[in-house]
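Colleague: Could you take me through one part of this model in detail? I'd like to hear about the sheet and the helices packed around it.

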Amino acid sequence: MTKTKSIILIHGNFVNDVTWTNWKSHYEQKGYTVYTPANPGHEGNPTALRNQVHPALIKTGFIDVVDNISKLIDSLPEKPLIIGHSMAGMAAMKLLELGKAAAAVSIDGAPPKNVFPPLQTLKSVLPAFGFFSGKDYFMGSREWYDKCFFNTTPSDERGYAFESFAVPESFKVSRELVLNSFSNIDFGKSHEPILFIGGGSDNIFPPSLTTTLANKYKDKNSRVDLKIFEGKSHFICGEKGWDVVADYILDWYEKL
């Protein structure tokens, strides 16, 4: 395969591109050109976004997220390595299916529409669908983030993590993931290499789900790999040891 020196890091729901700040510098120091686009309606400082929701947020769905990245890819001289976290793990799978990636990585990734999630996932993310909400968007409480994101973060560091990264999220993104046929994945189609990374203590997308997603791919001539990091939460890209995960991914990619 042709090795690209371009990497796109896509953030998941409930946070924005600020979560990739350390990863961007880390990979740039290793000679890569790194893009960390904010998904539509997520541009800005997290504190400011919590105080005043971006006007584009509530209109943003999963298709908009994929289209936004697809346009960026079309402007590049080469197909990139695409790394997505959480919802964006599913976006990475979709972009791989669309032939937009040299390789893809799903970190603690969401399942496509055609894979039913475990009960643990449904309990965690149900409020983010807004089916029973009178609001226009989802803003997780400190307690929700502590349970779903920061469960392996020391308790005295969780407040800082919330202030630094938590942002409002569109209901439309989650709804399109489970209701729109665009969010299906053809697991029988040939594809470029994909790596699934799971957190052993992820309370949203548990390692059993990550393993299920990796095992769904059926084309024998296409490469699929899986790595579970024990003790890591859904905040795997920001908690202590994030660089170990980042280096594992780059080592995987460079050895393809």
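Modeller: Here's a walk through the sheet, followed by the helices. Keep in mind that this is a predicted model. The sheet is an open one with 6 strands, and reading across it you get β2-β1-β3-β4-β7-β8, with parallel pairing. The edges are β2 (33-35) and β8 (224-229), each of which pairs on one side only. Going from one strand to the next, the twist averages 15°.

Let's zoom in on the β2 end. Strand β1 (residues 6-10) pairs with β2 in the parallel sense over 3 bridges. If you want a spot to click on, take Ile 7, whose bridge partner in β2 is Val 34.

Now the helices on the sheet. Helix α1 (residues 21-28) lies across β1, β2, β3 (81-85) and β4 (103-107), and it runs at about 170° to β1. Towards β8, helix α9 (residues 207-216) packs on the sheet and touches β7 (194-199) and β8, with its direction at about 170° to that of β8.

There's also a helix pair to look at. Helix α3 (residues 62-74) packs with helix α4 (residues 87-97) at an angle of about 55°, their axes 10 Å apart, so the two are oblique to each other. Their crossing is right-handed. On the α3 side, the contact is made by Phe 62, Val 65, Val 66, Ile 69, Ser 70 and Ile 73, while α4 brings in Met 87, Met 90, Ala 91, Lys 94 and Leu 95. Sorted by class, that contact has 9 nonpolar, 1 polar and 1 charged residues.

Key. Residues are numbered from 1 along each chain as its sequence is written. This is a predicted model: local features need pLDDT of at least 70, side-chain atom pairs count only at pLDDT 80 or more; totals for chains, interfaces and linings use all residues. Side-chain values use heavy atoms; hydrogens and water are left out. Two strands pair if DSSP finds at least two bridges between them. Helices (H or I, at least four residues) and strands (E, at least two) are DSSP runs, numbered from the N terminus. Axes are lines fitted to C-alpha atoms, for helices over the stretch in contact, and angles run from 0 to 180 degrees between N-to-C directions. Contact means heavy atoms within 4.5 Å. Angles under 35 degrees count as roughly parallel, over 145 as roughly antiparallel, 65 to 115 as roughly perpendicular and the rest as oblique. A crossing is left-handed if the near helix is turned anticlockwise from the far one by less than a right angle, and right-handed if clockwise. Ala, Val, Leu, Ile, Met, Phe, Trp, Tyr, Cys and Pro count as nonpolar, Asp, Glu, Lys and Arg as charged, and the others, Gly among them, as polar.
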